[in-house]
Amino acid sequence: MGMVKVRVPTAMRPLTDGTPEVTIEGATLRDVIDGLETGYPGFRERLLSEEGTLRRFVNIYVDEDDVRFGEGLDTPTPSGVTLWLVPAVAGGSLP
(Lines give C-alpha, C1' and ligand atoms only; values in the text may rest on other atoms or scores of the structure.)
Protein backbone atom coordinates (compact mmCIF):
# COMPACT_ATOMS: atom_id res chain seq x y z
CA MET A 1 0.00 0.00 0.00
CA GLY A 2 1.10 3.49 -0.74
CA MET A 3 1.22 6.58 1.42
CA VAL A 4 -0.92 9.22 -0.28
CA LYS A 5 -1.00 12.96 0.39
CA VAL A 6 -4.58 14.22 0.45
CA ARG A 7 -5.12 17.93 -0.22
CA VAL A 8 -8.19 18.97 1.75
CA PRO A 9 -10.26 21.89 0.40
CA THR A 10 -11.15 24.71 2.78
CA ALA A 11 -14.79 23.62 2.99
CA MET A 12 -13.75 20.17 4.30
CA ARG A 13 -10.99 21.29 6.66
CA PRO A 14 -13.23 21.29 9.74
CA LEU A 15 -13.06 17.49 9.41
CA THR A 16 -9.24 17.64 9.75
CA ASP A 17 -9.16 20.34 12.46
CA GLY A 18 -8.07 22.86 9.83
CA THR A 19 -5.20 20.84 8.40
CA PRO A 20 -4.86 21.45 4.63
CA GLU A 21 -3.05 18.16 3.90
CA VAL A 22 -3.15 14.73 5.51
CA THR A 23 -1.35 11.49 4.70
CA ILE A 24 -3.38 8.31 4.31
CA GLU A 25 -2.37 4.77 3.40
CA GLY A 26 -4.23 3.01 0.59
CA ALA A 27 -3.71 1.09 -2.64
CA THR A 28 -6.85 2.50 -4.33
CA LEU A 29 -9.04 5.57 -4.04
CA ARG A 30 -11.60 3.44 -2.18
CA ASP A 31 -8.92 2.49 0.40
CA VAL A 32 -7.91 6.13 0.83
CA ILE A 33 -11.52 7.21 1.38
CA ASP A 34 -11.90 4.42 3.97
CA GLY A 35 -8.72 5.68 5.67
CA LEU A 36 -9.98 9.25 5.63
CA GLU A 37 -13.25 8.14 7.22
CA THR A 38 -11.42 6.18 9.92
CA GLY A 39 -9.08 9.04 10.81
CA TYR A 40 -11.43 11.93 10.12
CA PRO A 41 -15.09 10.87 10.35
CA GLY A 42 -17.43 12.63 7.93
CA PHE A 43 -15.40 12.31 4.74
CA ARG A 44 -17.32 9.35 3.34
CA GLU A 45 -20.65 11.20 3.33
CA ARG A 46 -19.01 14.24 1.73
CA LEU A 47 -17.38 12.20 -1.04
CA LEU A 48 -19.76 9.30 -1.66
CA SER A 49 -23.51 9.06 -2.23
CA GLU A 50 -25.74 6.75 -0.23
CA GLU A 51 -25.26 4.19 -3.02
CA GLY A 52 -21.47 4.34 -2.55
CA THR A 53 -20.69 6.18 -5.79
CA LEU A 54 -18.71 9.39 -6.14
CA ARG A 55 -20.83 12.44 -5.42
CA ARG A 56 -21.61 14.50 -8.48
CA PHE A 57 -20.35 17.81 -7.10
CA VAL A 58 -16.95 16.66 -5.87
CA ASN A 59 -14.06 16.13 -8.26
CA ILE A 60 -11.19 13.90 -7.20
CA TYR A 61 -7.81 13.85 -8.91
CA VAL A 62 -4.91 11.47 -8.40
CA ASP A 63 -2.06 13.77 -9.24
CA GLU A 64 -3.46 15.39 -12.43
CA ASP A 65 -5.85 12.61 -13.47
CA ASP A 66 -9.60 12.97 -12.86
CA VAL A 67 -10.75 9.63 -11.41
CA ARG A 68 -14.10 9.91 -13.25
CA PHE A 69 -12.24 9.38 -16.53
CA GLY A 70 -10.19 6.54 -15.12
CA GLU A 71 -11.09 3.70 -12.83
CA GLY A 72 -13.28 5.63 -10.39
CA LEU A 73 -13.07 4.26 -6.85
CA ASP A 74 -10.70 1.53 -8.07
CA THR A 75 -8.14 4.10 -9.28
CA PRO A 76 -4.69 3.03 -8.02
CA THR A 77 -3.03 5.34 -5.49
CA PRO A 78 0.65 4.40 -5.49
CA SER A 79 2.94 5.73 -2.82
CA GLY A 80 3.89 9.37 -3.30
CA VAL A 81 0.87 10.55 -5.29
CA THR A 82 -1.25 13.49 -4.23
CA LEU A 83 -5.01 13.13 -4.05
CA TRP A 84 -6.86 16.40 -4.70
CA LEU A 85 -10.42 16.83 -3.41
CA VAL A 86 -12.01 19.65 -5.39
CA PRO A 87 -15.60 20.76 -4.77
CA ALA A 88 -17.27 21.62 -8.08
CA VAL A 89 -17.89 25.30 -8.62
CA ALA A 90 -21.13 26.27 -10.33
CA GLY A 91 -23.58 29.08 -10.51
CA GLY A 92 -23.58 32.69 -11.50
CA SER A 93 -24.75 34.22 -14.73
CA LEU A 94 -23.39 36.31 -17.51
CA PRO A 95 -24.68 39.86 -17.90
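**Notebook: a helix residue, a set of strands and a loop threonine**

I started with Glu37, which has its place in helix H1, residues 29-39. A reminder to myself before going further: this is a predicted model.

Which residues does Glu37 touch, once neighbours within four places in sequence are set aside? I found Gly42, Phe43 and Arg44. I also checked Glu37 against Val6, which is 31 residues away along the chain. Their C-alpha atoms are separated by 13 Å.

Next I went to the strands, beginning with E3, residues 58-62. Is E3 largely enclosed or largely open to the outside? Four of its five residues are buried, so the rest of the structure largely encloses this strand.

I then looked up the pairing partners of E3. With strand E5, residues 82-87, E3 pairs in the antiparallel sense, and I noted five bridges. Within that pairing, Tyr61 stands opposite Trp84 of E5. E3 is also joined to strand E4, residues 65-66, by two bridges, and these strands run antiparallel as well. Here Tyr61 turns up again: its bridge partner in E4 is Asp66. My note on Tyr61 therefore lists Trp84 in E5 and Asp66 in E4 as its partners.

How many residues sit between E3 and E4 in their hairpin? There are two, and Asp63 in the turn has a positive phi of about 55°.

Back to E5, to see what else it pairs with. Strand E1, residues 2-7, is joined to E5 by three bridges, and this pair runs parallel. Arg7 is the residue that stands opposite Trp84 there. Trp84 thus faces Arg7 in one pairing and Tyr61 in another.

While on strands, I jotted down a general point: side chains in a regular strand alternate between the two faces of the sheet.

My last stop was Thr75, in the loop between E4 and E5. Is Thr75 buried or exposed? The relative accessible area came out at 10%, and since buried means under 20%, Thr75 counts as buried.

What does Thr75 touch, not counting residues up to four places away in sequence? The list is Ala27, Thr28, Leu29, Val62 and Val67. Of these, Leu29 falls in the range of H1, and Val62 falls in that of E3. I also noted a polar atom of the Thr75 side chain 3.5 Å from the backbone nitrogen of Glu71.

Conventions: Residues are numbered from 1 along each chain as its sequence is written. This is a predicted model: local features need pLDDT of at least 70, side-chain atom pairs count only at pLDDT 80 or more; totals for chains, interfaces and linings use all residues. Side-chain values use heavy atoms; hydrogens and water are left out. Buried means under 20% relative accessible area, exposed over 50%, partly exposed in between (1.4 Å probe, protein chains only). Two strands pair if DSSP finds at least two bridges between them. A polar contact is a pair of N or O atoms within 3.5 Å; within protein, one must be able to donate a hydrogen and the other to accept it, and residues adjacent in sequence count only if both atoms are side-chain atoms. Contact means heavy atoms within 4.5 Å.
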